Amino acid sequence: MHADLVVLNGKIFTASSDRPWAGAFAVWNNRFLEVGEDADVRSLIGPKTEVIDAGGKTVLPGFIDSHCHMASVGSEHALQVDCSSVKRKTIPQIVAALKEAAGKTPEGSWIIGHSYDETRLEEKRHPTKSELDAASTKHPILLKSFTYHFGVVNSAALKLAKIDKNTEAPSGGIFEKDSQGELTGLCLEEAFFLWVPGFSKGDSLIPPYSEEEKAKGLALICREFNRLGITGIGDASSDFHTLRACQNTDQRGELTVRINMMIHENNFERLKACRIMTGFGNERYKIGSIKTFADGACAGRTAWLTTPYGEDPDYRGIPVKTPEEMEKAVAAYHEAGFQISVHANGDAAITMVLDAYEKALKQHPRKDHRHRIEHCTFVTEKILARMKKLGVAAAPFANYVITQGDKLDVYGDWISMMFAHKSFLERGIPIGGSTDFPVVTANPLVSIQSMVTRKSVDGRVLGAGQKLTVEEAVTVYTRGSAWLSFDEKIKGTIEAGKLADFVILEQDPFTSPAEEIGSIEVAGTFLGGRPVYQRS
Ligand SMILES: [Zn+2]
């Protein structure tokens, strides 16, 4: 028997506990056939075998971002106006970009801007309805925050949706008003989700993209992720449109990232009616957990805490479900056989989720449920002990410290127990690597640098006790993420029998200065032994 591909002379970190390091491997029929040293695989080289001499470069399992929004959201950003702080520094710059897009769009059609960050704008505030009106009064406009927990609309959008100052916001949401009681255009949480396809209950105020557009966007974003060394993701806001986009893109051979769809709870009844549950699909795309929400975001100061936020003693963040609603939702998804992923940042929100998990598991015990808490940002010893006991996993932010650490002072001493990677590992709580892209960059090497250094953009070390070694951080981002989606038997390590998803790096993260890991370049990314990215 001869291999399809053999990689020799590599510094291979396999992320497997049996054999963490190797020098060579062979691939046959999409899978690793043999992993060892050069001498072990040379006999598998035949006349048709492709041989790659890694030249001593580092080879890792393909990275898996266990919680991001690549398929559902990233695929759409290609079709929208980029208003991120990298591109636009001021509100007039955002308005100008939206105006330019309006100039190329038929009147009455939506203009959508994405990823603005009010804290990084020169004005240090949200744009307003009237400012967006300067971009267009003939097009409805939605400008989405990078957090995806709030956004600003213009007057045309409000008019189209028949929303005025007397309209009651949906529960768990806010239409912000100024001191005169007029709408500012800022919509928070449920009042923001109303507009957004895939996030709204029922039909969104903005129509979803066509299947053709979605598939085109998905192929583009897959290539972007391959360039970063990513071969798998968990998409944390999938719906039936995402499923179809995956199928369309896959049929064209352009789905080059394996996708675990975490299905937004709004689609639960339809899935249940089809008798479909967690695990349905194939090695390239499948139905994962049901995704629901407990609270808001750290950046938006809407994470629900037991302690008050600095300036206001009564404000502790925003829960988006009552404990009763959470219990009911969790019980329904659990009984239907699904894995569950609940977005919960604050310790009060996490506790509410654990209460619901505990109750559901007591009523309907299930081994190996792998229920998850997404982000699971603010933890306590008590929370950690309960997670361990209940068998609950977490997908904590891997790069929050490096990308947004300068905004965390409001949380004071909490920092030592935020994104608590080391605490989770020490207690044997399963975790995966996750960025929440497009909230922040999806670059796994930036995430690994962040987990290893805990150093923020402004050079401060935040919560030094949570630092991981490079080996630990890489393992979290590969084997850890695979476990979170029940894929540990086929993904996450370089071992015989597993899918041959791997990445070759230009520099060695194990010996590079930790501060430079994030700048390491990917030399090549392989999916099932096939190159999906090669640096030219
Ligand atoms: Zn998310």
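## Around a parallel sheet in a predicted model

Four bridges link strand E8 with strand E15 (residues 230-238), and the two run parallel. What you have on screen is a predicted model, so treat that pairing, and what follows, as a reading of a prediction. Within the pair, Phe-63 sits opposite Ile-230 of E15.

**The sheet.** Zoom out a little, and E8 and E15 turn out to belong to an open sheet of seven strands, ordered E8-E15-E16-E17-E18-E19-E20 and paired in parallel. Its edges are strand E8 (63-68) and strand E20 (393-395), each of which pairs on one side only. From one strand to the next the twist averages 25°. As background, the strands of a sheet pair through backbone hydrogen bonds, and they can do so parallel or antiparallel.

**Helices H16 and H15.** Helix H16 (residues 470-484) lies across E8, E15, strand E19 (372-375) and E20, and it runs at about 50° to E8. H16 also turns up in the surroundings of helix H15: the elements covering the buried residues of H15 include E8, E15, helix H13 (400-404), helix H14 (421-426) and H16. H15 itself (residues 444-453) is mostly covered, with 10 of its 10 residues buried. Among those buried residues are Leu-445, Val-446, Ile-448 and Met-451, but also Ser-447, Gln-449, Ser-450 and Thr-453. Right after H15 comes Arg-454, which has a positive phi near 50°.

**Backbone oddities.** Most residues other than glycine have a negative phi, and most peptide bonds are trans. Against that background, a few spots are worth a click. Phe-437 and Pro-438 are joined by a cis peptide bond, with omega about 5°. Pro-438 is found in the loop between H14 and H15. The positive phi values are collected here:

| Residue | Phi | Place |
|---|---|---|
| Ser-115 | about 75° | strand E10 (residues 111-116) |
| Tyr-148 | near 60° | loop between strand E11 (141-145) and strand E12 (150-153) |
| Arg-454 | near 50° | follows H15 |

Are Ser-115 and Tyr-148 buried or exposed? Ser-115 counts as buried because it has 24 C-beta neighbours inside 10 Å. Tyr-148 is buried as well, with 21 other C-beta atoms within 10 Å. The cut-off for buried is 20 or more.

**An exposed helix residue.** Now for the opposite case. Ala-385 is part of helix H12 (residues 381-390). Ala-385 has 12 C-beta neighbours inside 10 Å, so it counts as exposed; the exposed class takes in residues with 12 or fewer. The C-alpha atom of Ala-385 is separated by 7.9 Å from that of Arg-427, although the two residues are 42 apart along the chain.

**The domains.** How is the chain divided? It splits into domain 1 (5-56), domain 2 (65-69 + 210-526) and domain 3 (80-193). Domain 2 is written as two segments, 65-69 and 210-526. The centres of domain 2 and domain 3, taken over C-alpha atoms, are separated by 28 Å. Where these two domains touch, 10 residues of domain 2 are in contact with 10 residues of domain 3. On the domain 2 side, the residues touching domain 3 break down by class into six nonpolar, three polar and one charged.

Definitions and conventions. Residues are numbered from 1 along each chain as its sequence is written. This is a predicted model: local features need pLDDT of at least 70, side-chain atom pairs count only at pLDDT 80 or more; totals for chains, interfaces and linings use all residues. Domain bounds come from an automatic or database domain assignment. Two residues are in contact if their C-beta atoms, placed from the backbone, lie within 7 Å. Ala, Val, Leu, Ile, Met, Phe, Trp, Tyr, Cys and Pro count as nonpolar, Asp, Glu, Lys and Arg as charged, and the others, Gly among them, as polar. Two strands pair if DSSP finds at least two bridges between them. Axes are lines fitted to C-alpha atoms, for helices over the stretch in contact, and angles run from 0 to 180 degrees between N-to-C directions.
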